[in-house]
Amino acid sequence: MELFVTVMNAVNDIIWHPVMCVFLMCAAIWFTVRLRGIQVRRFKDMVKCLVEKGDNKKDTGLSAFQAFATTVGGRVGTGNIAGTATAIFMGGPGALFWMWVTAILGASTGIVECILGQAYKTRNLGELTGGPAYYMSNGIKNKKFGRALAVLFCIAVFIGPGFLLPAMQTQTAATAIKGAFGIPFIVVGIAMVIIVGVVTMGGIKRIGRVAEVLAPIMCGIYFFITIVIFVMNYKEIPGMFGSIFASAFGKNAVFGGIVGSAVAWGIKRGFFSNDAGNGMSPLISATTDTSHPVKQGLVQGLSVYIDTLLVCSCTGFCILLAGTYNVAADGTGAVLLVEQAPGIQYGISFMQEALRVSIGKAGAMFLAVMLFIFIFTTMLSYSYQLESTCRYLWGENKVVVTIVRILFLVFCLFGILIDGDTIWPMGDIGVGCMLWVNTFSILLLTPQVIRIVKDYENQKKAGLDPLFDPETVGIQDEANVWGTYVEKKKNRGDYENPDLGYNKK
C-alpha cells in the first residue's frame with residue numbers, strides 16, 4: 001500500500017502541474033472571447049432551454065431537465081464539500097473567490113464541450129449516445145489523430161469515472177457516515193453498491209428519472225441550511241466577504257504570503273468540482289433529445305453555475321462563518337498559518353464541524369446523509385459515463401454493457417480499502433487525465449463550435465426557434481438522429497431564407 005500511495009502522489013504531481021491550471025484558464029478565456037461571453041449573454045436562454053422538450057420519437061433519450069439534473073448530480077459531490085474545504089485549507093478564504101472566477105469562465109468550456117457532444121451524437125441500442133470520443137474521432141480533420149485522442153480519452157474514463165473516482169466517492173461517504181453514526185465502512189460500501197446497482201442496471205432513463213427528483217431537492221436543502229447559518233451568524237457576514245476578497249488578492253496580512261496557493265487551489269478545486277472541460281457532461285448531455293446543440297450546451301453551462309456559485313459557495317460560507325477551518329502555511333499542512341479548528345482533519349470534517357457548532361450534533365448527522373445522497377447521484381453519472389465509453393469502443397453489445405455495469409460496482413467497493421490521504425490524489429488523477437485530453441481536443445474544434453453557435457444565433461435573430469441540420473455545418477449524420485429537426489427546417493422554409501445563409505436546398 002505504501003508503494004501505491006507513493007505512485008499515486010507522484011502521478012498526481014505530474015498531471016496537476018501548475019501548467020495544467022494555466023492551460024485550463026487560458027482555454028476558458030479563449031472560449032469566452034471567441035464566443036463573446038456566451039455564458040453571460042445567453043443566461044436567459046439557459047433558463048428557457050432547461051424546460052424545453054424534444055420531438056424526436058425514434059430514440060430513448062433524456063429530457064433537457066433530466067440531463068441537467070443528472071449532470072448536476074454528477075457534479076455535486078465530494079468536490080463541493082470536501083473539495084471546497086480543502087481549497088480553503090490550502091489557499092485560505094481567497095481560494096473561494098478563485099473558484100467563482102473558474103466557474104464563470106469555465107462555464108464557456110462546459111458549454112463548448114456539450115455543444116460538440118450533442119452535434120456528434122449517434123444511436124446505440126435504441127438510445128441516443130455520444131461524447132468526447134465521438135467528436136474527437138469524427139470532428140478532428142486528421143482521422144488517425146482524432147481516433148488516437150478518442151482512445152486516450154476512453155482510457156482516461158476507465159481511470160477516472162471507471163475506477164479512481166468511484167473509489168474516492170465511496171470512501172468519502174463511508175468516512176462521513178461512520179463519523180456521524182458509527183456504521184462500519186464495509187456496511188456503507190455494500191449499501192452504496194446495492195443502491196447504485198439497482199438504478200444503473202435500468203439504464204440511462206432510470207438514472208435520469210432518479211436524478212431529476214433528487215438533484216433539485218438536495219441542492220435546495222443544502223441552500224436552506226446555508227441560509228440558517230447566515231441568519232445565526234449575520235454579524236460575521238461583512239467580515240467573511242472582506243476576508244475572501246482581501247485574501248484572494250493578497251491584501252490580508254495573514255494570507256498575503258499564500259496568494260499563489262489561493263489562486264492555484266481555487267482553480268484546481270473549481271475545475272474538479274464543476275467538471276468543465278473534463279468531458280463528463282458531454283457524455284450525459286449527448287443522450288438528450290433537443291432541437292439544437294447550443295440549447296443543451298447552455299443548459300450545461302447553467303449546471304456549472306449551480307455547482308460552484310451555489311453549492312460550493314454554500315460550503316465555503318458555512319465553514320468561514322462558523323470559523324471551523326485551518327489554513328496551511330506550507331502547502332502540506334505540516335505548519336499552520338491559521339488554526340481555528342484544532343485537531344480537525346481538513347476536508348469533509350471542516351463542514352461537519354461547522355454544522356455541529358451551528359446546529360448541534362444533528363447537523364453533522366444530517367450532513368452525512370446529504371453527502372451520501374450527493375455521492376449516490378454522482379455515482380449514477382459516473383456509471384453512465386463509463387457505459388457510454390464502452391459503447392463507443394465495442395458498439396451495440398449488451399453483454400459488454402452488463403459486464404461493465406458489474407465491474408463498476410466492484411470498483412465502488414474498492415474505496416473502503418483506501419485511506420483518506422490517498423483518496424484525493426486518486427480523484428485528482430482521474431479528473432486530470434480527462435481534462436488534458438478533452439480540453440486539448442475541443443480547442444482544436446473551436447472553428448466547428450463557432451459555426452454551430454453562429455447557426456443558432458442567426459436563427460434567433462430571424463425570430464425562429466433554432467433547429468439543427470448537421471449537414472449545414474459540415475457534420476455527417478449517418479444515424480439520422482437529427483432527421484426530425486431537418487424535416488422541420490425544410491417545412492419551415494429555412495433553406496430558402498436568405499437571413500440564415502444556407503447553401504443547402
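Me: Are Arg405 and Glu387 buried or exposed?
Reply: In this predicted model, the side chains of Arg405 and Glu387 meet in a salt bridge, with 2.9 Å from N to O. The pair links distant parts of the chain, since Arg405 belongs to helix 18 (residues 398-414) and Glu387 to helix 17, 18 residues apart. For Arg405 and for Glu387 alike, the answer is buried.

Me: Which other residue, four residues from Glu387 in helix 17, forms a salt bridge with Glu387?
Reply: The spacing helps here: four residues is about one turn of the helix, and both partners lie in helix 17. Both are also buried. The closest N and O atoms are 2.8 Å apart, and the partner of Glu387 is Arg391.

Me: Which residues of helix 17 meet helix 8?
Reply: Helix 8 (residues 132-139) and helix 17 (residues 361-394) pack at an angle of about 35°, and their axes are 9 Å apart. From helix 8, the contact involves Ala133, Tyr134 and Ser137. On the helix 17 side, the residues are Ser388, Arg391 and Tyr392.

Me: How many charged residues does the contact of helix 8 with helix 17 have?
Reply: Ala133, Tyr134 and Ser137 meet Ser388, Arg391 and Tyr392 there. Sorted by class, the contact has three nonpolar residues and two polar ones, and the number of charged residues is one.

Me: Why does the salt bridge of Arg42 with Glu457 tie together distant parts of the sequence?
Reply: Side chains of opposite charge can pair when their charged atoms come close. For Arg42 and Glu457, the closest N and O atoms are 3.3 Å apart. Arg42 sits in the loop between helix 3 (38-41) and helix 4 (43-50), while Glu457 is in helix 20 (residues 446-461), so the parts tied together are separated in sequence by 415 residues.

Me: What is the relative accessibility of Glu457?
Reply: Buried means under 20% relative accessible area. Arg42 counts as buried at 17%. Glu457 also counts as buried, and its relative accessibility is 8%.

Me: Is Ile194 buried or exposed?
Reply: Ile194 lies in helix 10 and belongs to a nonpolar surface patch with about 720 Å² of accessible area together. Helix 10 (residues 185-200) gives the largest share of that patch, six residues. The cut-off for exposed is over 50%, and because Ile194 has 52% relative accessibility, it counts as exposed.

Me: What is the relative accessible area of Ala328?
Reply: Ala328 lies in strand 3 (residues 326-328). Its C-alpha atom is separated by 10.0 Å from that of Thr86, 242 residues apart along the chain. Ala328 is buried, and its relative accessible area is 0%.

Me: What is the phi of Asp275?
Reply: Most residues other than glycine have a negative phi. Asp275 lies in the loop between helix 13 (259-274) and helix 14 (280-285), and at 7% relative accessibility it counts as buried. Although Asp275 is not a glycine, its phi is positive, about 65°.

Me: Where is Asn480, a residue other than glycine with a positive phi?
Reply: Phi of Asn480 is near 55°. At 39% relative accessibility, Asn480 counts as partly exposed. Its place is in the loop between helix 20 and helix 21 (483-492).

Terms used:
Residues numbered from 1 in each chain as written. Predicted model: local features only at pLDDT ≥ 70, side-chain atom pairs only at ≥ 80, totals over all residues. Heavy atoms only, no water. Helix = DSSP H or I, 4+ residues; strand = E, 2+ residues; numbered from the N terminus. Buried < 20%, exposed > 50% of the residue type's maximum accessible area, 1.4 Å probe, protein only. Patch = residues over 30% accessible without salt bridge, like charges linked within 9 Å, V, L, I, M, F, W, Y side chains within 5 Å. Areas by Shrake-Rupley, 256 points an atom, 1.4 Å probe, with all protein chains shown as cover. Axes fitted to C-alpha atoms, helices over the stretch in contact; angles between N-to-C directions. Contact = heavy atoms within 4.5 Å. Nonpolar A, V, L, I, M, F, W, Y, C, P; charged D, E, K, R; others polar.
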